[in-house]
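The exercises below deal with charged side chains, cysteines and solvent exposure in one protein chain. Each task is followed by a solution in steps.

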Amino acid sequence: MSAQSTLKVGIVGLGRLGRRHAENLLRRVSGAVLVAACSPVEAELTWAKETLGINDLYEDYEALLAHEGLDAVFLVTPTSLHPHQIIQALKAGKHVFCEKPLSLDLNDCRRVSAEAALHPQLKVMIGFVRRFDASYQAAYQKIQSGSIGQPFMVYSQTCDQLDPDGFFVKFAPTSGGIFLDCSVHDIDLARWLLGNPKPVRVFASGTIAVHQDLQSCADVDNGVAICEFENGRIATFYASRTMPHGHETVTEVTGTAGRLTVGRNARQNRLEIADARGIRNECTPTFFERFEDAFLTEAAYFVDAIRNNTPLSLTLDDATEATRIGIAMRESLLSKLPVML
Ligand code: NAI
């Protein structure tokens, strides 16, 4: 693969997020071309044919991997499938982008890393999309340039809009719970912004405010957690599925010489509405509107890294560490005890 050649990509999974990645890869990521799609669901393949004009469609993942000339896969499949599908792709000689989290199981994370080590010429990246958001990038650069001194405290939240139908509850038994599904983004951000400190201890708690069905899978719809790192650094997390107003991702980093905040007032656009109810703005409805540009930047970064053979700044070790901390939070939630790492 050279900087001049076009990366041939296959998309795997065409659900809520897979469709977005597919549309980006088809039309908006230079240096890549979407050549094939895979899903076990016939209606999704029909969508790929009719909407994207993709003719090479596969119900079977191994058949997609055998597609002639395929260079890379984008895995946007249920989390439980990620480790095995990454390993299969690596064995087939394909570069891999895979959605977060890498896995819900630490041994599986390590199996993926071991397989990746056997294929150093192949890139593997897990989609911690927030690292590619312009505001988070700006915060990172400010920290690197020393503008807030030594960062020692992060607060980060992922709060989703309330879906009164509780559609997500259907996926709760396999999502790993609120910390591995939602806070895993914040965990990755905290590590990145604090300079990858070693985690020492976590404590987590939570409550079911709305979706009582979560009791059956020991999950909560509002969770809080604290992670202590070495050298006195601390991160606190909040994840919610019950915000009435919209999706609100907020991160605050406090340092010895200042504070940075990303995402306060999660406004959808620059429209301000003034009427008899007051003055207000509307909120981003879902994660996608908030991070639409970042998904594109993330895909472009991955494609460029392959074409130019440059190292990825976001590594499998980062993804494994995020899972490790997320698992500890879940354990703490269930045991009601602090968990040492
Ligand atoms: P979804 O359930 O809407 O889509 C999953 C897709 O995988 C479906 O198209 C399904 O047909 C397909 N699939 C299932 N089994 C398959 C198999 N054996 N081979 C190939 N395809 C198969 O799920 P959603 O919401 O799109 O999530 C997918 C992944 O993306 C999850 O890991 C999730 O954690 C992650 N995600 C990441 C977000 C982010 O902010 N970066 C936001 C939302 C989801």
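## Exercise 1: A charged patch

Glu42, Glu59, Asp60 and Glu62 form a negative surface patch. The model is a predicted one. Task: state where Asp60 lies in the chain and whether Asp60 is buried, partly exposed or exposed.

Solution.
- Step 1. Asp60 sits in the loop that runs between strand E3 (57-58) and helix H3 (61-65).
- Step 2. The relative accessibility of Asp60 is 44%, so Asp60 counts as partly exposed.
- Step 3. Patch members must have over 30% relative accessible area and no salt bridge; the 44% of Asp60 satisfies the area condition.

## Exercise 2: Salt bridges

Task: give the number of salt bridges, then describe the pairs Arg28 with Glu292, Arg111 with Asp108 and Arg290 with Asp133 by distance, place in the chain and exposure.

Solution.
- Step 1. A side-chain nitrogen of Lys or Arg has to be within 4 Å of a carboxyl oxygen of Asp or Glu. The count by this rule is 14 salt bridges.
- Step 2. In the salt bridge between Arg28 and Glu292, the closest N and O atoms are 4.0 Å apart. This pair links distant parts of the chain, with the two positions 264 residues apart: Arg28 is in the loop between helix H1 (18-27) and strand E2 (32-38), and Glu292 is in helix H9 (residues 287-308). Arg28 is partly exposed because its relative accessibility is 42%. Glu292, with a relative accessible area of 31%, is also partly exposed.
- Step 3. Arg111 and Asp108 form a salt bridge with an N to O distance of 3.1 Å. They are three residues apart in helix H5 (residues 106-117), so about one helical turn separates them. Arg111 is partly exposed at 44% relative accessible area, and Asp108 is partly exposed at 21%.
- Step 4. The side chains of Arg290 and Asp133 meet in a salt bridge at 2.8 Å, N to O. Here too distant parts of the chain are linked: Arg290 belongs to helix H9, while Asp133 lies in the loop between strand E6 (124-127) and helix H6 (134-144), 157 residues apart. Both Arg290 and Asp133 are buried.
- Step 5. Arg131, Asp188, Arg191 and Asp318 are joined into one network by salt bridges that share partners.

## Exercise 3: Cysteines

Task: how many disulfides does the structure hold, and which cysteine sulfur is nearest to that of Cys98 and to that of Cys283?

Solution.
- Step 1. The number of disulfides is zero.
- Step 2. For Cys98, the nearest cysteine sulfur belongs to Cys109, 10 Å away, and Cys98 is in no disulfide. The cut-off for a disulfide is 2.5 Å between sulfur atoms. Cys98 is buried, its relative accessible area being 0%.
- Step 3. For Cys283, the nearest cysteine sulfur is that of Cys159, at 9.9 Å, and Cys283 is in no disulfide either. Cys283 is buried because its relative accessible area is 15%, the limit for buried being under 20%.

## Exercise 4: A strand residue

Task: which strand holds Ser205, and what distance separates its C-alpha atom from that of Asn281?

Solution.
- Step 1. Ser205 is in strand E8 (residues 199-207).
- Step 2. A relative accessible area of 34% makes Ser205 partly exposed.
- Step 3. Ser205 and Asn281 are 76 residues apart along the chain, and their C-alpha atoms are separated by 32 Å.

Notes:
Residues are numbered from 1 along each chain as its sequence is written. This is a predicted model: local features need pLDDT of at least 70, side-chain atom pairs count only at pLDDT 80 or more; totals for chains, interfaces and linings use all residues. Side-chain values use heavy atoms; hydrogens and water are left out. Patches are made of residues with over 30% relative accessible area and no salt bridge: like charges are joined within 9 Å, nonpolar side chains (Val, Leu, Ile, Met, Phe, Trp, Tyr) within 5 Å. Accessible areas come from the Shrake-Rupley method with a 1.4 Å probe; for residues, only the protein chains shown count as cover. Lys and Arg count as positive and Asp and Glu as negative; His and the chain ends are not counted. The place of a charge is taken as NZ of Lys, CZ of Arg, CG of Asp or CD of Glu. Helices (H or I, at least four residues) and strands (E, at least two) are DSSP runs, numbered from the N terminus. Buried means under 20% relative accessible area, exposed over 50%, partly exposed in between (1.4 Å probe, protein chains only).
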